[in-house]
Amino acid sequence: MSAGPDPDDLVGMLDALVEPAPEAENAVLTDDARVVRWTGPLFAVFSVILLPWTIYLAQSLPGGQVSPHYDVAWAGFDVMLMVALASAGYFALRRSRYLATAVAATAALLVVDAWFDVVTSPPSQLPESVLLAVAVELPLAAVCAWLSYHTEQLAERRIVLLLRRRGSAGR
């Protein structure tokens with residue numbers, strides 16, 4: 001009696017449909033760990049499932065909601081944002097390879113903060129929320145996104161230089 005297809009074989013077939021990115025680090029070592037191979041197909045499925053769920057929520061949720069822990073939710077989010085900004089600052093000061101990850105997370109939190117500040121503001125505070133989003137949060141998120149990209153590019157150039165040195169040392 002057959003137990004059905006092996007899930008690893010199915011994921012392997014899906015994974016084989018997309019070649020690893022032509023990046024310098026993949027020339028050295030491509031990450032073929034099981035969790036990495038499963039992440040691509042699963043996240044793609046999750047994103048497809050999220051579409052009808054989002055449509056359902058948009059149509060079924062009330063236009064207004066009173067939350068008994070609204071203050072705790074915002075204070076907690078701001079603590080997360082504070083930790084993200086502090087870690088980005090720390091990794092920038094150290095010129096750490098973790099800077100790209102820290103600023104990418106910080107950019108995402110800043111965009112989410114701007115979005116929810118604007119859409120949850122009472123009409124009397126809406127101009128202030130829009131101004132804060134446009135003048136502070138979104139520009140800072142853009143700087144973080146650029147820093148993440150720039151840091152990744154720098155890491156790739158370092159890898160290429162190391163590969164060249166390694167190649168010339170072997171001759």
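At what angle do α5 and α6 pack, and how far apart are their axes? The angle is about 160° and the axes are 8 Å apart. Notes on this and other features follow.

1. Basis of the model. This is a predicted model, in which local features need pLDDT of at least 70 and side-chain atom pairs count only at pLDDT 80 or more, while totals for chains, interfaces and linings use all residues. Residues are numbered from 1 along each chain as its sequence is written, and side-chain values use heavy atoms, with hydrogens and water left out.

2. Overall make-up. The chain has 6 helices and 0 strands, and from the N terminus its elements run α-α-α-α-α-α. Helices (H or I, at least four residues) and strands (E, at least two) are DSSP runs, numbered from the N terminus. Of the 171 residues in the chain, 18% are buried. Buried means under 20% relative accessible area, exposed means over 50%, and partly exposed lies in between (1.4 Å probe, protein chains only). Among contacts (heavy atoms within 4.5 Å) between residues at least 6 apart in sequence, 68% join residues at least 24 apart.

3. The α5 and α6 pair. The angle given at the start makes α5 roughly antiparallel to α6. Axes are lines fitted to C-alpha atoms, for helices over the stretch in contact, and angles run from 0 to 180 degrees between N-to-C directions. Angles under 35 degrees count as roughly parallel, over 145 as roughly antiparallel, 65 to 115 as roughly perpendicular and the rest as oblique. The crossing of α5 and α6 is left-handed, that is, the near helix is turned anticlockwise from the far one by less than a right angle (clockwise would be right-handed). By class, the contact of α5 with α6 has 19 nonpolar, 4 polar and 4 charged residues. Here Ala, Val, Leu, Ile, Met, Phe, Trp, Tyr, Cys and Pro count as nonpolar, Asp, Glu, Lys and Arg as charged, and the others, Gly among them, as polar.

4. The α4 and α5 pair. These helices pack at an angle of about 150°, with axes 9 Å apart, and are therefore roughly antiparallel to each other. Their crossing is left-handed. Residues making the contact include Trp74, Phe77, Leu81 and Phe91 of α4, and Leu99, Val103, Leu110 and Phe116 of α5. By class, the contact of α4 with α5 has 16 nonpolar, 2 polar and 3 charged residues.

5. The core. The largest nonpolar core has 13 residues, and those with the most contacts inside it are Val103, Leu109, Leu110 and Cys144. Two or more residues come from each of α4 (70-94), α5 (99-119) and α6 (126-169). Helix α5 gives the most, with 6 residues. A nonpolar core is a set of buried Ala, Val, Leu, Ile, Met, Phe, Trp, Tyr and Cys residues joined through side-chain atoms within 4.5 Å. Beyond its neighbours within four places in sequence, Leu110 is in contact with Leu81, Glu137, Leu140, Ala141 and Cys144.

6. Arg95. This residue is found in the loop between α4 and α5. Its phi is near 55°, a positive value in a residue other than glycine. Arg95 is exposed, with a relative accessible area of 64%.

7. Two alanines. Ala104, in helix α5, is partly exposed, with a relative accessible area of 35%. Ala104 and Val143 are 39 residues apart in sequence, and their C-alpha atoms are 9.9 Å apart. Ala16 is in helix α1 (residues 7-16) and is exposed, with a relative accessible area of 52%. The C-alpha atoms of Ala16 and Arg37 are separated by 9.5 Å, with their positions 21 residues apart along the chain counted as the separation.
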